[in-house]
Amino acid sequence: MKALLLAGALLAALDSDNALPALTPYAPIANMVGQVDAGRLQANVNRLVAFGTRNDFSERSSTPSHGVFGARDWIARQFEAVAAAAGGRMTVSLDTYMQTKTPRTPRAVQESSVIATLRGSEPGRVYIMSSHFDDCDGHCTDGAGTAPGADDNGSSVAAVLEAARVMAATRFRGTIVFACFDGEELGLWGSNHYARELAARHTPVLAVLNDDIIGNSVGGDGRSEPNVIRVFSQAVPSGADVARVNLVGSENDSPSRELSRFVAEVVPVYIPDFSVRQIYRADRFMRGGDQESFQDAGYAAAIRFVEAHENFTHQHQDVRVEDGVQYGDLPQFIDAQYLRRATQANVAALATLALGPAPPGSVQMPLRRLGYDTTLRWKPAAAAVSYEILWRATDAAQWEHARNVGNVTEATVSVSKDDDVIAVRSVDENGLRSPAVYPVAARE
Ligand SMILES: [Zn+2]
C-alpha cells in the first residue's frame, strides 16, 4: 500500500501537463445513443396526447383510451414490452396512494406513478431518469377538459420510454430507475411520495436526471437554439449548514452542481452538435419540478433538463385560437429532431453514470498544518482503475485542470487549497469518469 501511495505521489509530481483530458466516446454508449429514434419519440407523444387529458382529476372517468389512468396503463405496457429485452433484470410497478385534499384541490384523489427498474450488477448505486405524465389545460384541477400535454410533459415521458428501450439490453453496473410520475402539476405529489419511499428504505440514489418540457425548439419570443438544452441545478443542498458552506466556499460545488458539470462534459462527447447550458439555479422563476422532491428527501444530486427556449402560450392553456394565436400544448409544436437530441443527452449521461466507475467515497481534505499544496484522500470506488484530481480557480465556473494520480487512495498536488476548488473523480478501464466529488475538510 505504501509503495502504491509513493508511486502515486511521484506520478503527480512528474506530470506537468494539467489540461483536462479530452474524453472520447465509449462504443457501447455511442451505440445506445445512436439508437434513439425521432419517429418513435413523436409517435409516443402523439399517443399520449390521444388520451384527451392526463389531468389527475380524470382518474375516475378514465377508460383504456381516455384519461390519466388510461395513459398510465399504456405507459406501463410500453415498459413491460421493453422489459422483455432485459432478460429478467427489468421490473415494472405502480406507486399508488391516496392524495388527501389540499387548499388548491376540490377533493382527495388517487395518484399512481409508473416505475421501471433495470437492476445493475453492483449494489449501492441507483440512478434515476424521471418525467411526469399528468398534465393541465388552463385549470389544473379540471379533469373534464382537453389537455394535450404534448411538450409538458409528453415529451419527457416519450424520452424516458425511448431511453429505457435503447438501454434495456445492456448490463449496467448501477441500477437505473425509469420513472413517469403522476401529480406533478398539483404539487410534485407522485415524485414526493416515491422519493420519500426511497429515503425510508435508505436507497442509495446517486443521481436524478429529471426531464420536464424538452421537445420544443422555438421560444414564444421567436428565439431558437436547436443545439442547446438547459440543465438547472440547485446551489446548496436542502438543509445544508450555511455557516460551513461559507467557511469552505462550497456554494458552487453541491452534488447537483458536480452532476451538472458532469452532464455538460459528457453530452458533447456523444452528440457533437449539441451542448448543455448550465443554469446555476434550482428551477425557472415561478416554476418547479420533480427534482425538488428528491432534494427535499435528502438526495442532493438532482437536476432538471428543460428546452433552451419555452413557449408559454402552449403550456397550461386551454386549446383555442385567440387573435390569430394558437394556444395549447399541441403535438404539432414538438420538434422531433430536438427531442431526439435531448433524449440522447440523457442516454449519454445516464449510461456513463451506470456503466462507468462508482465515485470515490468519503472524500476528505485532511488539514494538518498550513501549507502550499493540497492532500485529498478517499475510499476506493468499485471498478475504478485510477483517480483524477480536478481543480479550478474559485471564480471559474468549470473545471480547468486535471491530474491523474494513479490507483491510490490519497494524493498530494502542488495546488493551493486556499486559492482553488479541488475535487476527485474515478476513472475506469474504459476511460469513463464518475462525477467529481468535492471533499469534506477534516482538521486533524
Ligand atoms: Zn411539467
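## Exercises on helix packing, cores and sheets

Helices α3 and α10 are roughly perpendicular to each other, a class that covers angles of 65 to 115 degrees, whereas angles under 35 count as roughly parallel, over 145 as roughly antiparallel and the rest as oblique. The model is predicted: local features need pLDDT of at least 70, side-chain atom pairs count only at pLDDT 80 or more, and totals for chains, interfaces and linings use all residues. Residues are numbered from 1 along each chain as its sequence is written.

**Exercise 1.** Describe how the axes of α3 and α10 are placed, and state which residues meet.

*Solution.* Two packed helices are described by the angle between their axes and the distance between the axes. Here the axes of α3 (residues 38-49) and α10 come within 9 Å and cross at roughly 105 degrees. Axes are lines fitted to C-alpha atoms, for helices over the stretch in contact, and angles run from 0 to 180 degrees between N-to-C directions. Helices (H or I, at least four residues) and strands (E, at least two) are DSSP runs, numbered from the N terminus. From α3, Ala 38, Leu 41 and Gln 42 meet Ala 336, Gln 337, Leu 339, Arg 340 and Thr 343 of α10; contact requires C-beta atoms, placed from the backbone, within 7 Å.

**Exercise 2.** Which helix gives the most to the largest nonpolar core, and which members touch the most others?

*Solution.* A nonpolar core is a set of buried Ala, Val, Leu, Ile, Met, Phe, Trp, Tyr and Cys residues joined through C-beta atoms within 7 Å. A residue is buried with 20 or more other C-beta atoms within 10 Å of its own, exposed with 12 or fewer, and partly exposed in between, with C-beta atoms placed from the backbone. The largest core has 88 residues, of which Ala 163, Ala 164, Met 167, Val 347, Ala 348 and Leu 350 touch the most other members. Helix α10 (residues 336-355) gives the most to this core, with 12 residues. Beyond its neighbours within four places in sequence, Met 167 contacts Met 32, Leu 118, Ile 176, Val 347 and Ala 351.

**Exercise 3.** Work out how strand β4 is paired and whether it is enclosed or open.

*Solution.* Strands pair if DSSP finds at least two bridges between them. Strand β2 (residues 109-118) runs antiparallel to β4 and is joined to it by 5 bridges; within this pair, Ile 115 has Ala 179 as its bridge partner. Strand β3 (residues 126-132) runs parallel to β4, with 7 bridges, and Ile 128 is partnered by Val 177. Of the 7 residues of β4 (residues 175-181), 6 are buried, so this strand is largely enclosed by the rest of the structure.

**Exercise 4.** Which residue of helix α5 follows a cis peptide bond?

*Solution.* The bond from Asp 152 to Asn 153 is cis, with omega near 10 degrees, and Asn 153 lies in α5.

**Exercise 5.** Classify His 316 and Asp 323 as buried, partly exposed or exposed, and give the phi of each.

*Solution.* His 316, in the loop between β8 (302-307) and β9 (320-322), has phi near 55 degrees, positive in a residue other than glycine. Its 18 C-beta neighbours inside 10 Å make His 316 partly exposed. Asp 323, in the loop between β9 and β10 (325-327), has phi near 50 degrees, also a positive value in a residue other than glycine. With 4 C-beta neighbours inside 10 Å, Asp 323 counts as exposed.

Note on methods
Two residues are in contact if their C-beta atoms, placed from the backbone, lie within 7 Å.
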